Amino acid sequence: DKGNHRHFMLKEIYEQPVVVAQTLRSYLRPLEEKVALPDMEFDLSSVERVTIVACGTAYYVGMIGKYWIERFARLPVEVDFASEFRYRDPVLLANTLGVVVSQSGETADTLAALRHMKASGVTTAGIINVPTSSMAREVDLLMPTHAGPEIGVASTKAFTCQLAVMAALAVNLARAKGRLDPDEERDIVRHLTEVPAAINAALAHDAEIEAMAGTIASARDVLYLGRGPDYPLALEGALKLKEISYIHAEGYASGEMKHGPIALIDEHVPLIVIAPSGPLFDKTVSNMHEAQARGAQVVLISDAQGLAAAGDDAVATIEMPAVHPLIAPIVYAVPVQLLAYHVAVAKGTDVDQPRNLAKSVTVE
Ligand code: F6R
(Lines give C-alpha, C1' and ligand atoms only; values in the text may rest on other atoms or scores of the structure.)
Protein backbone atom coordinates (compact mmCIF):
# COMPACT_ATOMS: atom_id res chain seq x y z
CA ASP A 1 0.00 0.00 0.00
CA LYS A 2 1.48 3.31 -1.13
CA GLY A 3 -0.67 5.37 1.27
CA ASN A 4 -0.99 8.90 -0.08
CA HIS A 5 2.16 8.57 -2.11
CA ARG A 6 2.40 8.21 -5.84
CA HIS A 7 5.16 5.61 -5.66
CA PHE A 8 6.58 3.16 -3.14
CA MET A 9 9.93 4.89 -3.48
CA LEU A 10 8.49 8.20 -2.27
CA LYS A 11 6.61 6.49 0.54
CA GLU A 12 9.81 4.77 1.63
CA ILE A 13 11.80 8.02 1.48
CA TYR A 14 9.19 9.57 3.78
CA GLU A 15 9.27 6.63 6.19
CA GLN A 16 12.90 7.32 7.03
CA PRO A 17 12.44 9.43 10.18
CA VAL A 18 10.37 6.62 11.69
CA VAL A 19 12.35 3.60 10.54
CA VAL A 20 15.74 5.12 11.29
CA ALA A 21 14.48 6.02 14.78
CA GLN A 22 13.17 2.47 15.14
CA THR A 23 16.53 1.05 14.06
CA LEU A 24 18.50 3.38 16.33
CA ARG A 25 16.28 2.48 19.26
CA SER A 26 17.56 -1.07 19.21
CA TYR A 27 21.21 0.07 19.31
CA LEU A 28 21.23 3.18 21.50
CA ARG A 29 20.91 3.26 25.26
CA PRO A 30 20.08 6.95 25.59
CA LEU A 31 19.91 6.90 29.40
CA GLU A 32 23.38 5.46 29.74
CA GLU A 33 24.43 7.48 26.67
CA LYS A 34 25.91 4.33 25.19
CA VAL A 35 25.67 2.34 22.01
CA ALA A 36 25.04 -1.41 22.32
CA LEU A 37 25.02 -4.37 19.97
CA PRO A 38 22.95 -7.54 20.23
CA ASP A 39 24.45 -10.20 22.53
CA MET A 40 27.24 -12.06 20.87
CA GLU A 41 29.43 -15.01 21.53
CA PHE A 42 32.71 -13.44 20.55
CA ASP A 43 34.82 -10.66 21.85
CA LEU A 44 35.07 -7.58 19.65
CA SER A 45 38.32 -6.60 21.38
CA SER A 46 40.12 -9.36 19.50
CA VAL A 47 39.25 -7.81 16.11
CA GLU A 48 42.36 -6.52 14.34
CA ARG A 49 40.90 -5.67 10.93
CA VAL A 50 37.58 -5.46 9.17
CA THR A 51 36.54 -6.60 5.71
CA ILE A 52 33.18 -5.32 4.47
CA VAL A 53 31.54 -6.97 1.47
CA ALA A 54 28.34 -5.91 -0.28
CA CYS A 55 26.81 -4.86 -3.62
CA GLY A 56 25.35 -1.63 -4.99
CA THR A 57 23.88 0.76 -2.48
CA ALA A 58 24.83 -1.56 0.40
CA TYR A 59 28.45 -1.37 -0.82
CA TYR A 60 28.39 2.41 -0.37
CA VAL A 61 27.30 1.85 3.23
CA GLY A 62 30.47 -0.21 3.55
CA MET A 63 32.58 2.64 2.14
CA ILE A 64 31.09 5.07 4.67
CA GLY A 65 31.65 2.43 7.37
CA LYS A 66 35.33 2.38 6.45
CA TYR A 67 35.62 6.08 7.31
CA TRP A 68 33.81 5.62 10.59
CA ILE A 69 35.57 2.44 11.75
CA GLU A 70 39.02 3.76 10.83
CA ARG A 71 38.28 7.11 12.48
CA PHE A 72 36.89 5.76 15.76
CA ALA A 73 38.27 2.24 16.21
CA ARG A 74 41.60 2.84 14.38
CA LEU A 75 41.24 -0.57 12.72
CA PRO A 76 42.19 -1.05 9.06
CA VAL A 77 39.10 -1.63 6.90
CA GLU A 78 38.81 -3.09 3.45
CA VAL A 79 35.62 -2.74 1.43
CA ASP A 80 34.94 -4.91 -1.56
CA PHE A 81 32.23 -5.62 -4.09
CA ALA A 82 30.97 -9.10 -3.29
CA SER A 83 31.31 -10.06 -6.95
CA GLU A 84 35.02 -9.18 -6.90
CA PHE A 85 35.83 -10.48 -3.46
CA ARG A 86 34.65 -14.00 -4.07
CA TYR A 87 36.64 -14.49 -7.25
CA ARG A 88 39.86 -12.91 -6.05
CA ASP A 89 41.15 -15.41 -3.52
CA PRO A 90 41.27 -12.61 -0.94
CA VAL A 91 43.82 -12.62 1.86
CA LEU A 92 41.96 -13.10 5.11
CA LEU A 93 44.31 -12.70 8.08
CA ALA A 94 43.55 -13.92 11.58
CA ASN A 95 41.29 -11.72 13.72
CA THR A 96 39.42 -10.30 10.77
CA LEU A 97 35.78 -9.38 11.31
CA GLY A 98 33.90 -10.01 8.07
CA VAL A 99 30.87 -7.76 7.61
CA VAL A 100 28.16 -8.18 4.99
CA VAL A 101 25.57 -5.47 4.31
CA SER A 102 22.36 -6.44 2.53
CA GLN A 103 18.75 -5.32 2.44
CA SER A 104 17.38 -8.60 1.10
CA GLY A 105 19.89 -10.93 2.73
CA GLU A 106 19.67 -12.98 -0.48
CA THR A 107 21.98 -11.25 -2.98
CA ALA A 108 23.83 -14.18 -4.55
CA ASP A 109 27.31 -12.64 -4.62
CA THR A 110 27.10 -11.32 -1.05
CA LEU A 111 25.82 -14.65 0.24
CA ALA A 112 28.65 -16.49 -1.53
CA ALA A 113 31.17 -14.03 -0.07
CA LEU A 114 29.75 -14.64 3.40
CA ARG A 115 30.10 -18.38 2.95
CA HIS A 116 33.64 -17.93 1.69
CA MET A 117 34.57 -15.90 4.78
CA LYS A 118 33.00 -18.45 7.11
CA ALA A 119 34.77 -21.31 5.39
CA SER A 120 38.05 -19.40 5.86
CA GLY A 121 37.43 -19.24 9.60
CA VAL A 122 36.49 -15.55 9.68
CA THR A 123 33.95 -14.37 12.26
CA THR A 124 31.10 -12.66 10.45
CA ALA A 125 28.54 -9.97 11.19
CA GLY A 126 25.64 -8.93 8.97
CA ILE A 127 23.71 -5.67 8.67
CA ILE A 128 20.55 -7.12 7.16
CA ASN A 129 16.97 -5.99 6.71
CA VAL A 130 15.12 -9.27 6.12
CA PRO A 131 15.40 -11.25 9.37
CA THR A 132 14.36 -14.57 7.80
CA SER A 133 16.86 -14.34 4.94
CA SER A 134 19.71 -16.74 4.21
CA MET A 135 22.37 -14.25 5.31
CA ALA A 136 20.51 -13.44 8.54
CA ARG A 137 20.53 -17.14 9.38
CA GLU A 138 24.18 -17.70 8.50
CA VAL A 139 26.06 -14.74 10.05
CA ASP A 140 27.64 -15.16 13.48
CA LEU A 141 26.32 -11.78 14.62
CA LEU A 142 23.08 -10.45 13.12
CA MET A 143 22.71 -6.68 13.34
CA PRO A 144 19.21 -6.12 11.99
CA THR A 145 17.96 -2.96 10.35
CA HIS A 146 14.33 -2.24 11.11
CA ALA A 147 13.44 -0.55 7.84
CA GLY A 148 10.40 -2.76 7.21
CA PRO A 149 9.73 -4.21 3.75
CA GLU A 150 11.30 -2.18 0.95
CA ILE A 151 9.22 -2.48 -2.22
CA GLY A 152 10.72 0.17 -4.52
CA VAL A 153 13.60 -1.34 -6.49
CA ALA A 154 15.78 1.67 -5.67
CA SER A 155 16.98 1.26 -2.11
CA THR A 156 16.28 4.29 0.10
CA LYS A 157 15.18 3.60 3.68
CA ALA A 158 17.30 0.44 3.86
CA PHE A 159 20.37 2.59 3.07
CA THR A 160 19.85 5.10 5.91
CA CYS A 161 18.99 2.32 8.38
CA GLN A 162 22.12 0.39 7.34
CA LEU A 163 24.18 3.53 8.01
CA ALA A 164 22.65 3.87 11.48
CA VAL A 165 23.66 0.29 12.31
CA MET A 166 27.11 0.76 10.75
CA ALA A 167 27.66 3.76 13.05
CA ALA A 168 26.66 1.59 16.04
CA LEU A 169 29.15 -1.07 14.94
CA ALA A 170 31.94 1.51 14.56
CA VAL A 171 31.31 2.83 18.07
CA ASN A 172 31.25 -0.67 19.58
CA LEU A 173 34.48 -1.64 17.89
CA ALA A 174 36.06 1.59 19.10
CA ARG A 175 34.99 0.94 22.68
CA ALA A 176 36.06 -2.71 22.57
CA LYS A 177 39.49 -1.60 21.33
CA GLY A 178 39.77 0.95 24.14
CA ARG A 179 39.90 3.80 21.63
CA LEU A 180 36.79 5.72 22.60
CA ASP A 181 36.45 7.68 25.79
CA PRO A 182 33.01 7.90 27.42
CA ASP A 183 32.69 11.61 26.54
CA GLU A 184 33.20 10.89 22.90
CA GLU A 185 30.68 8.07 23.01
CA ARG A 186 28.17 10.36 24.72
CA ASP A 187 28.61 12.93 21.94
CA ILE A 188 28.14 10.32 19.23
CA VAL A 189 24.98 9.00 20.90
CA ARG A 190 23.65 12.55 21.01
CA HIS A 191 24.39 13.13 17.35
CA LEU A 192 22.78 9.84 16.35
CA THR A 193 19.71 10.64 18.45
CA GLU A 194 19.27 13.83 16.43
CA VAL A 195 19.23 11.99 13.10
CA PRO A 196 15.46 11.33 12.77
CA ALA A 197 14.60 15.01 13.36
CA ALA A 198 17.32 16.07 10.93
CA ILE A 199 15.89 13.70 8.30
CA ASN A 200 12.51 15.34 8.84
CA ALA A 201 14.05 18.76 8.31
CA ALA A 202 15.68 17.49 5.11
CA LEU A 203 12.33 16.16 3.85
CA ALA A 204 10.87 19.66 4.20
CA HIS A 205 12.85 20.62 1.07
CA ASP A 206 10.95 18.19 -1.13
CA ALA A 207 9.00 20.82 -3.12
CA GLU A 208 12.14 22.85 -3.78
CA ILE A 209 13.95 19.77 -5.05
CA GLU A 210 10.97 18.89 -7.24
CA ALA A 211 11.16 22.36 -8.76
CA MET A 212 14.79 21.73 -9.81
CA ALA A 213 14.06 18.37 -11.36
CA GLY A 214 12.82 19.63 -14.73
CA THR A 215 16.18 21.17 -15.66
CA ILE A 216 18.15 18.13 -14.56
CA ALA A 217 15.79 15.81 -16.41
CA SER A 218 16.93 17.34 -19.70
CA ALA A 219 20.63 16.68 -19.01
CA ARG A 220 22.48 13.84 -20.69
CA ASP A 221 25.08 13.50 -17.95
CA VAL A 222 25.10 14.52 -14.29
CA LEU A 223 28.12 14.52 -11.97
CA TYR A 224 28.13 14.27 -8.17
CA LEU A 225 31.01 15.38 -5.96
CA GLY A 226 31.70 14.63 -2.31
CA ARG A 227 34.69 14.26 -0.03
CA GLY A 228 35.40 11.98 2.93
CA PRO A 229 32.27 10.11 4.05
CA ASP A 230 30.26 12.15 1.56
CA TYR A 231 32.18 10.71 -1.38
CA PRO A 232 30.32 7.37 -1.18
CA LEU A 233 27.13 9.43 -1.00
CA ALA A 234 28.10 11.05 -4.30
CA LEU A 235 28.40 7.53 -5.74
CA GLU A 236 25.02 6.64 -4.25
CA GLY A 237 23.43 9.78 -5.75
CA ALA A 238 24.76 8.87 -9.18
CA LEU A 239 23.59 5.26 -8.87
CA LYS A 240 20.12 6.33 -7.78
CA LEU A 241 19.79 8.78 -10.67
CA LYS A 242 21.03 6.26 -13.25
CA GLU A 243 18.83 3.44 -12.13
CA ILE A 244 15.51 5.26 -12.06
CA SER A 245 15.89 8.14 -14.54
CA TYR A 246 18.27 6.43 -17.01
CA ILE A 247 20.41 9.57 -17.10
CA HIS A 248 24.11 8.85 -17.18
CA ALA A 249 25.61 9.95 -13.86
CA GLU A 250 28.93 9.54 -12.06
CA GLY A 251 30.10 10.31 -8.56
CA TYR A 252 33.64 11.49 -7.90
CA ALA A 253 35.75 12.20 -4.87
CA SER A 254 35.96 16.00 -5.10
CA GLY A 255 39.74 16.05 -5.18
CA GLU A 256 39.87 13.57 -8.07
CA MET A 257 37.86 15.76 -10.43
CA LYS A 258 40.82 17.71 -11.68
CA HIS A 259 42.66 14.48 -12.51
CA GLY A 260 40.45 13.78 -15.50
CA PRO A 261 36.69 14.08 -15.05
CA ILE A 262 36.84 17.89 -15.19
CA ALA A 263 37.24 17.49 -18.95
CA LEU A 264 33.58 16.45 -19.04
CA ILE A 265 32.37 19.72 -17.53
CA ASP A 266 30.51 22.28 -19.58
CA GLU A 267 27.29 24.25 -19.20
CA HIS A 268 25.21 21.19 -20.10
CA VAL A 269 26.47 19.05 -17.22
CA PRO A 270 24.75 19.65 -13.88
CA LEU A 271 27.11 19.15 -10.95
CA ILE A 272 25.61 18.11 -7.61
CA VAL A 273 27.98 19.05 -4.79
CA ILE A 274 27.48 17.38 -1.39
CA ALA A 275 29.35 19.54 1.12
CA PRO A 276 28.23 19.81 4.74
CA SER A 277 30.24 22.38 6.66
CA GLY A 278 33.09 20.82 8.56
CA PRO A 279 36.80 20.22 8.15
CA LEU A 280 36.51 19.16 4.48
CA PHE A 281 34.16 21.94 3.37
CA ASP A 282 36.63 24.51 2.01
CA LYS A 283 38.41 21.96 -0.13
CA THR A 284 35.22 20.70 -1.73
CA VAL A 285 33.98 24.23 -2.37
CA SER A 286 37.22 25.11 -4.08
CA ASN A 287 36.72 22.05 -6.34
CA MET A 288 33.20 23.34 -6.99
CA HIS A 289 34.55 26.76 -8.02
CA GLU A 290 36.99 25.10 -10.43
CA ALA A 291 34.04 23.40 -12.09
CA GLN A 292 31.97 26.59 -12.11
CA ALA A 293 34.80 28.40 -13.86
CA ARG A 294 34.30 25.85 -16.67
CA GLY A 295 30.59 26.58 -16.87
CA ALA A 296 29.20 23.80 -14.64
CA GLN A 297 25.63 24.32 -13.43
CA VAL A 298 25.98 23.61 -9.72
CA VAL A 299 23.47 22.42 -7.17
CA LEU A 300 25.12 22.85 -3.77
CA ILE A 301 23.76 20.78 -0.88
CA SER A 302 25.02 22.19 2.42
CA ASP A 303 23.88 23.77 5.67
CA ALA A 304 23.22 27.49 6.29
CA GLN A 305 26.82 28.11 7.31
CA GLY A 306 28.18 26.30 4.26
CA LEU A 307 25.82 28.01 1.82
CA ALA A 308 26.77 31.41 3.24
CA ALA A 309 30.48 30.61 3.01
CA ALA A 310 30.20 29.38 -0.58
CA GLY A 311 28.67 32.70 -1.73
CA ASP A 312 25.60 32.95 -3.97
CA ASP A 313 27.21 31.92 -7.19
CA ALA A 314 25.93 28.36 -6.90
CA VAL A 315 23.08 28.10 -9.37
CA ALA A 316 20.82 26.28 -6.96
CA THR A 317 21.12 25.35 -3.31
CA ILE A 318 19.45 22.87 -1.00
CA GLU A 319 19.77 23.79 2.66
CA MET A 320 20.22 20.95 5.11
CA PRO A 321 19.94 21.29 8.88
CA ALA A 322 23.26 21.81 10.68
CA VAL A 323 24.46 18.35 11.71
CA HIS A 324 27.72 16.86 12.91
CA PRO A 325 29.89 15.78 9.95
CA LEU A 326 29.75 12.21 11.30
CA ILE A 327 26.04 11.87 10.66
CA ALA A 328 25.88 14.08 7.57
CA PRO A 329 25.87 11.14 5.10
CA ILE A 330 22.68 9.80 6.72
CA VAL A 331 20.85 13.14 6.52
CA TYR A 332 22.22 14.22 3.12
CA ALA A 333 21.00 10.94 1.64
CA VAL A 334 17.50 12.43 1.68
CA PRO A 335 17.97 15.27 -0.88
CA VAL A 336 20.03 12.90 -3.02
CA GLN A 337 17.15 10.38 -3.06
CA LEU A 338 14.49 13.05 -3.65
CA LEU A 339 16.42 14.54 -6.54
CA ALA A 340 16.68 11.19 -8.30
CA TYR A 341 13.00 10.52 -7.61
CA HIS A 342 11.71 13.80 -9.00
CA VAL A 343 13.96 13.68 -12.05
CA ALA A 344 12.64 10.19 -12.81
CA VAL A 345 9.04 11.36 -12.39
CA ALA A 346 9.76 14.34 -14.66
CA LYS A 347 11.10 11.90 -17.27
CA GLY A 348 8.10 9.63 -16.84
CA THR A 349 10.03 6.44 -16.11
CA ASP A 350 8.67 3.53 -14.07
CA VAL A 351 10.13 4.68 -10.76
CA ASP A 352 9.32 1.64 -8.64
CA GLN A 353 10.27 -0.90 -11.29
CA PRO A 354 12.98 0.53 -13.48
CA ARG A 355 13.84 -1.33 -16.65
CA ASN A 356 16.32 -4.23 -16.51
CA LEU A 357 16.44 -4.30 -12.69
CA ALA A 358 15.18 -6.73 -10.07
CA LYS A 359 14.72 -5.99 -6.38
CA SER A 360 16.83 -8.88 -5.30
CA VAL A 361 19.70 -10.14 -7.43
CA THR A 362 19.79 -13.87 -6.69
CA VAL A 363 21.89 -14.79 -9.71
CA GLU A 364 25.60 -14.08 -9.96
C1 F6R B 1 20.21 0.30 -5.66
C2 F6R B 1 19.95 -1.04 -5.14
C3 F6R B 1 20.96 -2.11 -5.37
C4 F6R B 1 21.11 -2.97 -4.10
C5 F6R B 1 22.04 -4.17 -4.36
C6 F6R B 1 22.25 -5.00 -3.10
O7 F6R B 1 19.18 1.18 -5.37
O8 F6R B 1 18.91 -1.27 -4.56
O9 F6R B 1 22.19 -1.59 -5.75
O10 F6R B 1 21.61 -2.16 -3.06
O11 F6R B 1 21.48 -4.98 -5.35
O12 F6R B 1 21.06 -5.54 -2.63
P13 F6R B 1 20.94 -6.12 -1.18
O14 F6R B 1 21.10 -4.98 -0.24
O15 F6R B 1 19.56 -6.73 -1.10
O16 F6R B 1 22.02 -7.14 -1.00
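**Note on the ligand site and a salt bridge**

1. In this predicted model, helix α3 is the top contributor to the shell around the ligand, giving 3 residues. The space that the ligand takes is the largest pocket. Two elements give two or more residues to the shell: α3 (56-73) and α11 (231-245).

2. What is the make-up of the shell, by nonpolar, polar and charged residues? Polar residues number 7, nonpolar residues 4 and charged residues 2.

3. The ligand has 13 residues around it. Those that come nearest are Ser102, Gln103, Ser104, Thr107 and Glu243.

4. Two side chains deserve a look here. An N or O atom in the Thr107 side chain is 2.5 Å from an oxygen atom of the ligand. For the Ser104 side chain, the distance from an N or O atom to a ligand oxygen is 2.7 Å. Both values fall within the 3.5 Å cut-off for a polar contact.

5. The backbone also takes part. Ser155 places a backbone N or O atom 2.9 Å from an oxygen atom of the ligand. As for cover, the ligand on its own has 410 Å² of accessible area, and the protein covers 89% of that.

6. Away from the ligand, how many salt bridges does the structure hold? The count is 19. One of them joins the side chains of Glu33 and Arg190, at 3.2 Å from N to O. Glu33 sits in the loop between β1 (28-29) and β2 (34-35), and Arg190 in helix α8 (residues 182-193), so this pair ties together parts that are 157 residues apart in sequence.

Key: Residues numbered from 1 in each chain as written. Predicted model: local features only at pLDDT ≥ 70, side-chain atom pairs only at ≥ 80, totals over all residues. Heavy atoms only, no water. Near = heavy atom within 4 Å. Polar contact = N/O pair within 3.5 Å; in protein donor to acceptor, adjacent residues only side chain to side chain. Areas by Shrake-Rupley, 256 points an atom, 1.4 Å probe, with all protein chains shown as cover. 1 Å grid on protein atoms, 1.4 Å probe; cavity = no way out; pocket = protein on both sides within 12 Å on 5 of 7 lines; lining within 4 Å. Sits in = over half its atoms within 2 Å of the grid points. Helix = DSSP H or I, 4+ residues; strand = E, 2+ residues; numbered from the N terminus. Nonpolar A, V, L, I, M, F, W, Y, C, P; charged D, E, K, R; others polar. Salt bridge = Lys/Arg side-chain N within 4 Å of Asp/Glu carboxyl O.
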